[in-house]
Amino acid sequence: MSSHQGIEGLPNSGGGKIIAVHLNYPSRAAQRGRTPEHPSYFLKPWSSVSSTGGTIERPAGAELLAFEGEIAIIIGSAARRVRVEDAWQHVSGVTAANDFGLYDLRSADKGSNLRSKGGDGYTPLGPSVISAEQIDPAALRVRTWVNGVVVQDDTSDTLLFPFAQLIADLSQLSTLEPGDVILTGTPAGSSVVVPGDVVEVEVDAPTAPGTPTSGRLVTTVVEGTEPFGGFGAKPVVDDHQRIEAWGDAVAAGLPAPAEPLTAASPAEPLDPAVAEQLASVSTATLSAKLRARGYTEVFIEGVHASRPGTRMVGVARTLRFVAYRPDLFAERGNGFNAQKRIFDTVESGEVIVIEARGERGTGTVGDVLALRAQQRGSAGVVTDGGIRDAEQVAAFDLPTFSQGPHPSVLGRRHVPWETDVAITCGGATVLPGDVIVGDGDGVIAIPRALAAEVAAEAVVQEAEDAWIAEQVRGGAAVDGLFPLNAEWRARYESEQGQ
């Protein structure tokens with residue numbers, strides 16, 4: 001179905017531009033393994049537009065038809081060289097979109113996406129348009145269902161490039177005209193669908209009055225019967241395209257990558273400037289910035305600082321305990337065991353992170369080992385088990401985080417097993433070399449490759465939050481202020497510029 005008749009609120013222009021953004025959601029960027037510095041775009045033909053209730057054909061001989069649920073912006077008035085702060089005024093509304101693509105033809109497209117994403121029915125829109133006047137563009141939600149199961153769920157406040165930036169950027173060279181549509185990117189969760197699957201996409205504004213919604217955009221996948229002719233590129237797939245289309249190797253039915261995960265060397269110190277930034281921001285802000293990139297299980301649950309007001313920043317060294325068994329403890333629990341080795345070799349700026357399986361019924365570190373770590377310049381100790389000699393340890397300068405005190409010795413529940421391996425501490429995976437940050441809310445583990453950019457963004461965010469708090473103290477209401485709508489953001493940016 002290649003007509004947009006029946007899409008309520010979309011101008012029946014019979015043509016126009018459909019401009020799609022490549023990567024815009026941090027969760028999708030994390031899945032792809034790259035985060036763009038600037039937005040990039042491609043065009044889709046108007047003949048690809050269809051409405052709800054239609055079908056999309058997976059061509060005969062093709063394998064990898066993938067959906068991408070998106071928020072579509074509809075231009076309401078001509079925009080040419082507009083400023084970011086004025087851009088939203090040129091939007092008439094938003095609706096749901098599905099940016100379907102055929103990975104089998106990506107190699108032939110060489111980046112244009114014309115054949116892989118431009119087929120008839122490959123851009124369903126609708127069913128209804130939400131008026132731009134009703135909503136905060138940073139408070140929209142997009143969800144996708146396949147056969148009734150939610151597979152994508154994200155919000156516009158996480159975007160790498162907000163809507164206004166996209167409009168301003170595009171309008172620098174091309175006039176955006178009434179009825180033009182901008183597809184603003186898809187979050188993680190895009191994958192392959194097969195004939196018989198039903199894909200639904202909905203965009204809504206959960207916090208806006210009346211909770212306006214686009215309604216469900218429904219598309220059914222059907223099998224094509226006409227084979228490709230011999231006068232153009234035919235579908236070609238390989239395992240790389242299968243992984244890209246499905247989202248990962250396992251989903252594509254392929255073996256998991258054989259290469260082991262690599263981590264930064266524990267001995268490599270953290271950049272002092274990055275460490276200073278991390279020490280100045282909260283774990284709550286860092287957690288939000290990681291969540292925006294798709295990292296949701298990075299908080300070490302259940303651990304608390306031995307001393308109120310403790311802050312900790314360092315690079316992870318890891319220690320793993322296994323459950324107690326007499327023969328194993330006799331083999332590995334005595335002498336210069338793994339626990340003693342790591343406390344005796346920890347370097348300045350390193351945090352010892354201990355996997356104790358959440359078992360708090362025994363101590364995993366006591367005063368002697370904690371003192372040794374302090375003497376060696378360790379940045380701290382984190383354990384999801386207990387701490388012995390808790391009062392003495394709390395009095396040290398060494399930051400320590402645990403599930404609480406317990407007087408029992410190690411051999412009651414644990415066997416010290418190995419060091420400097422991937423562990424799970426408090427439900428979070430920690431690799432040697434990860435960056436560990438702790439404060440009054442607890443402890444978070446940041447992948448080393450993300451530490452610098454997450455730290456920089458957190459500093460900016462906390463400056464913004466501090467300004468918002470200042471406005472609230474001055475009597476301002478939080479509606480529109482937290483998070484900043486376009487008016488408040490323009491005021492904030494103006495004051496920052498001054």
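Which residues do ring pairs link into a cluster? In this predicted model, the cluster consists of Trp467, Trp488 and Tyr492, joined by ring pairs, and the sections below place these residues within the chain.

## The chain as a whole

The protein chain has 498 residues, of which 48% count as buried, and its secondary structure comes to 14 helices and 27 strands. Along its principal axes, the C-alpha trace spans about 80 × 60 × 35 Å. If one takes the contacts between residues at least 6 apart in sequence, 78% of them join residues that are at least 24 apart.

The accessible surface of the protein chain comes to about 21,900 Å², and carbon and sulfur atoms account for 52% of that surface. Among the side chains of the protein chain, 40 are positive and 63 are negative, while the centres of these two sets lie 5 Å apart.

## Aromatic rings

A pair of aromatic rings is described by two quantities, namely the distance of the centres and the angle of the planes. In this structure the count comes to 4 aromatic pairs. One of them is formed by Trp467 and Trp488, whose rings are arranged edge-to-face, with 5.9 Å from centre to centre and 70° between the planes. Trp467 belongs to helix α13 (residues 451-473) and Trp488 to helix α14 (residues 486-497), so this pair ties together parts of the chain that are 21 residues apart in sequence. Both Trp467 and Trp488 are buried, and ring pairs link these two tryptophans with Tyr492 in the cluster named at the start.

## Charges over rings

Two further tryptophans, Trp145 and Trp417, each have the charged end of an arginine sitting over the ring. The table gives the partners and the distance of the charged end from the ring centre.

| Charged residue | Ring | Distance from ring centre |
|---|---|---|
| Arg216 | Trp145 | 3.4 Å |
| Arg332 | Trp417 | 3.6 Å |

## An exposed proline in a loop

Where along the chain is the place of Pro269? Pro269 is found in the loop between α6 (239-246) and α7 (272-280). Is Pro269 buried or exposed? Residues over 50% relative accessibility count as exposed, and because Pro269 has a relative accessibility of 62%, this proline counts as exposed. Pro269 can also be placed with respect to Val221: the two residues are 48 apart in sequence, and their C-alpha atoms are 52 Å apart in space.

Conventions. Residues are numbered from 1 along each chain as its sequence is written. Side-chain values use heavy atoms; hydrogens and water are left out. Helices (H or I, at least four residues) and strands (E, at least two) are DSSP runs, numbered from the N terminus. Buried means under 20% relative accessible area, exposed over 50%, partly exposed in between (1.4 Å probe, protein chains only). Contact means heavy atoms within 4.5 Å. Accessible areas come from the Shrake-Rupley method with a 1.4 Å probe; for residues, only the protein chains shown count as cover. Lys and Arg count as positive and Asp and Glu as negative; His and the chain ends are not counted. The place of a charge is taken as NZ of Lys, CZ of Arg, CG of Asp or CD of Glu. Rings of Phe, Tyr and Trp (its six-membered ring) pair if their centres lie within 6.5 Å; planes under 30 degrees apart count as stacked, over 60 as edge-to-face and the rest as tilted. A charge sits over a ring if NZ of Lys or CZ of Arg is within 6 Å of the ring centre and within 35 degrees of the ring normal.
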